[in-house]
Amino acid sequence: MCKEIDSILYDTENSTIDKKFTFGKPGDPDGYEETLYITREGRYFIYTNGGSLSRYPEENITPIAREDVKNWMLSR
């Protein structure tokens with residue numbers, strides 16, 4: 001997935017996965033995934049996607065500041 005936010009392109013195909021959290025089983029309508037990526041430029045973003053009844057029924061990308069990454073990981 002690619003998404004431009006504030007003139008910055010975030011692309012899951014050209015970034016590296018740092019951490020991934022999976023909630024539920026594959027195919028579960030309540031299940032979802034949250035994946036932390038880092039771009040070649042050192043920017044972090046979270047890719048979210050899930051089942052139709054999950055908190056992420058549509059895929060999305062959300063930038064996250066480097067200083068917020070640790071708190072995000074600990075809250076999972």
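How many residues lie between β4 and β5 in their hairpin, and which residue in the turn has a positive phi? In this predicted model, 5 residues separate the two strands of the hairpin. Gly42 is the turn residue with the positive phi, at about 90 degrees.

The hairpin strands span residues 32-38 (β4) and 44-50 (β5). Their pairing is antiparallel and runs over 7 bridges. Within this ladder, Glu34 has Thr48 of β5 as its bridge partner. Burial is the rule along β5: 5 of its 7 residues are buried, and the strand is mostly covered.

The hairpin belongs to an open sheet of 4 strands. The strand order is β3-β4-β5-β6, and the pairing is antiparallel. β3 (16-23) and β6 are the edge strands, each pairing on one side only. From one strand to the next, the twist averages 20 degrees. β3 joins β4 through 7 bridges in the antiparallel sense. Here Thr22 stands opposite Glu33 of β4. On the other side of the hairpin, β5 pairs with β6 (residues 60-64) over 5 bridges, again in the antiparallel sense. Phe45 faces Pro63 of β6 in this pairing. Helix α1, residues 66-74, lies across β3, β4, β5 and β6. The helix runs at about 150 degrees to β4.

Aromatic packing was examined next. A pair of aromatic rings is described by the distance of the centres and the angle of the planes. The structure holds 5 aromatic pairs. One of them joins Tyr10 and Phe45, with ring centres 5.4 Å apart. Their planes meet at 65 degrees, so this pair is edge-to-face. The two residues come from distant parts of the chain, 35 residues apart: Tyr10 sits in strand β2 (residues 8-11) and Phe45 in β5. Both Tyr10 and Phe45 are buried. Phe45 also pairs with Tyr37, at a centre distance of 5.1 Å. The planes of Tyr37 and Phe45 are at 5 degrees, so this second pair is stacked. Tyr37, like Phe45, is buried. Together, Tyr10, Tyr37 and Phe45 form one aromatic cluster.

Two residues of the β4-β5 loop also contact members of this cluster. Thr39 is located in that loop. Its relative accessibility is 10%, and Thr39 therefore counts as buried; the cut-off for burial is under 20%. Beyond its neighbours within four places in sequence, Thr39 contacts Tyr10, Ser15 and Phe45. Two of these contact partners, Tyr10 and Phe45, form the edge-to-face pair.

Arg43 lies in the loop between β4 and β5 as well. Its relative accessibility is 35%, so Arg43 counts as partly exposed. With neighbours within four places in sequence set aside, Arg43 is in contact with Ile8, Tyr10, Tyr37 and Ile38. Tyr10 and Tyr37, both in this set, belong to the aromatic cluster with Phe45. Arg43 and Ile64 are 21 residues apart in sequence. In space, the C-alpha atoms of Arg43 and Ile64 are 7.9 Å apart.

Terms used. Residues numbered from 1 in each chain as written. Predicted model: local features only at pLDDT ≥ 70, side-chain atom pairs only at ≥ 80, totals over all residues. Heavy atoms only, no water. Buried < 20%, exposed > 50% of the residue type's maximum accessible area, 1.4 Å probe, protein only. Contact = heavy atoms within 4.5 Å. Pairing = 2+ DSSP bridges. Phe/Tyr/Trp six-rings, centres within 6.5 Å; stacked < 30°, edge-to-face > 60°. Axes fitted to C-alpha atoms, helices over the stretch in contact; angles between N-to-C directions.
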